[in-house]
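Biologist: Could you walk me through how a pair of helices pack in this model? I'm new to this, so keep it simple.

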Amino acid sequence: MPLPNRLVNVALACLLGTLSACGPGPSVEPEAAIETATEPTITPEPAAGDDKPRDVKTVAWVRSFADAVEQAKAAKMLVMIDFTTDWCGWCKRLDADTYTDHEVIKLTEQVVPVKLDAEKEGAPLVEKYLTEPGFPTIVFLDPRSSGVVGVIKGYLPPKPFAEEVRTILQTFEEFAALHDRLQANPDDLEAIGELAWIAVRRDDFRRALELVDQGEAIDPKNTKRHLTRAYLALGDSFQARNIADEAALLFDKAAESGQTPEQVAYARLSLAECYRSLGKNAEALATLEALTAMPDAPSKDKDEARRRLNQAKPSRP
């Protein structure tokens, strides 16, 4: 069933950062850790011999946001804004490790990259484009519409960073075709599900929830399974902000309609964590037990479920 309107309104306010009481809370650790720094971070001095050569290749940054927009419009490319600060240690690590990687450098040739200090020249754009604080944050913009088409939050090593950039570029190419499909056929469940997932990746949570409601009006139980990825992505976003009750509803739907054992296992692990944070320990244990009983669940997820079950057992004197 759809999320209750009252809960949706509260959840949206939290997701969009309009309720100060809804701060980030405990969440399930993602498979690939994304580290963010929202407070000043001290970067350790490199050990002797660790300094990289001064002439090391890096991303070809454009001098200003205005120049980046102008070049991107002319080349029909996206603008990639790296929001950084003087005190951000993870920003410095991103510069040293990720932006010097050959694969990442090649990928950024498909966009127009610009680096902005979030507390200086980039401050007005932070207010406009970032839904929550935390640096580094990399925002991808369509210069023709000024719309956000992708966000990378926090430090990522070269390989996962490159994967994120590829996904953003791919979904940007697919978005127009999906939008046209939905315009031609409002009952196109596959297009609805993919557009909802893309909306979450763009931090457009209101649009994502609208699309999920539209899809559920056509397929209330998600029997076609086209909404599952959107359920998982929205659940992650709610859970990361400690909105556990709404996240639980979404993860429960994903667990019931997962397209793959990996999706079902991830949904059950996440659902168990939501139940735990809500004080519903019996439901959390039952969900973990169900995961361990899955014959085709990934072994790492089964092991994690067993670890949590063992932790939940009362200690013996």
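Modeller: Let's begin with a term: a crossing is left-handed if the near helix is turned anticlockwise from the far one by less than a right angle, and right-handed if clockwise. Keep in mind that this is a predicted model.

Biologist: Okay, which handedness does the crossing of H8 and H9 have?

Modeller: Look at H8 where it passes H9, and apply that rule. The crossing comes out left-handed.

Biologist: And are H8 and H9 oblique or roughly antiparallel to each other?

Modeller: Their axes come within 11 Å and cross at roughly 140°. Angles over 145 degrees count as roughly antiparallel, and 65 to 115 as roughly perpendicular. The angle here fits neither class, so H8 and H9 are oblique.

Biologist: Which residues of H9 make the contact with H8?

Modeller: On the H8 side, the contact uses Phe 205, Ala 208, Leu 209, Val 212 and Glu 216. Their partners on H9 are Ala 230, Tyr 231, Leu 234, Ser 237 and Phe 238.

Biologist: Within what arc do the buried residues of H8 fall?

Modeller: The buried ones are Phe 205, Ala 208, Leu 209, Leu 211, Val 212, Gly 215 and Glu 216. Peer down the axis of H8 and they line one face of the helix, because they fall within an arc of 160°.

Biologist: What about Asp 219, is it buried or exposed?

Modeller: Asp 219 sits in the loop between H8 and H9, and among the residues it touches is Arg 225. Buried means under 20% relative accessible area. Asp 219 has 7% relative accessibility, so it counts as buried.

Conventions:
Residues are numbered from 1 along each chain as its sequence is written. This is a predicted model: local features need pLDDT of at least 70, side-chain atom pairs count only at pLDDT 80 or more; totals for chains, interfaces and linings use all residues. Side-chain values use heavy atoms; hydrogens and water are left out. Buried means under 20% relative accessible area, exposed over 50%, partly exposed in between (1.4 Å probe, protein chains only). Helices (H or I, at least four residues) and strands (E, at least two) are DSSP runs, numbered from the N terminus. The arc is that of the directions from the helix axis to the C-beta atoms. Contact means heavy atoms within 4.5 Å. Axes are lines fitted to C-alpha atoms, for helices over the stretch in contact, and angles run from 0 to 180 degrees between N-to-C directions. Angles under 35 degrees count as roughly parallel, over 145 as roughly antiparallel, 65 to 115 as roughly perpendicular and the rest as oblique. Lists of a residue's contacts leave out its neighbours within four places in sequence.
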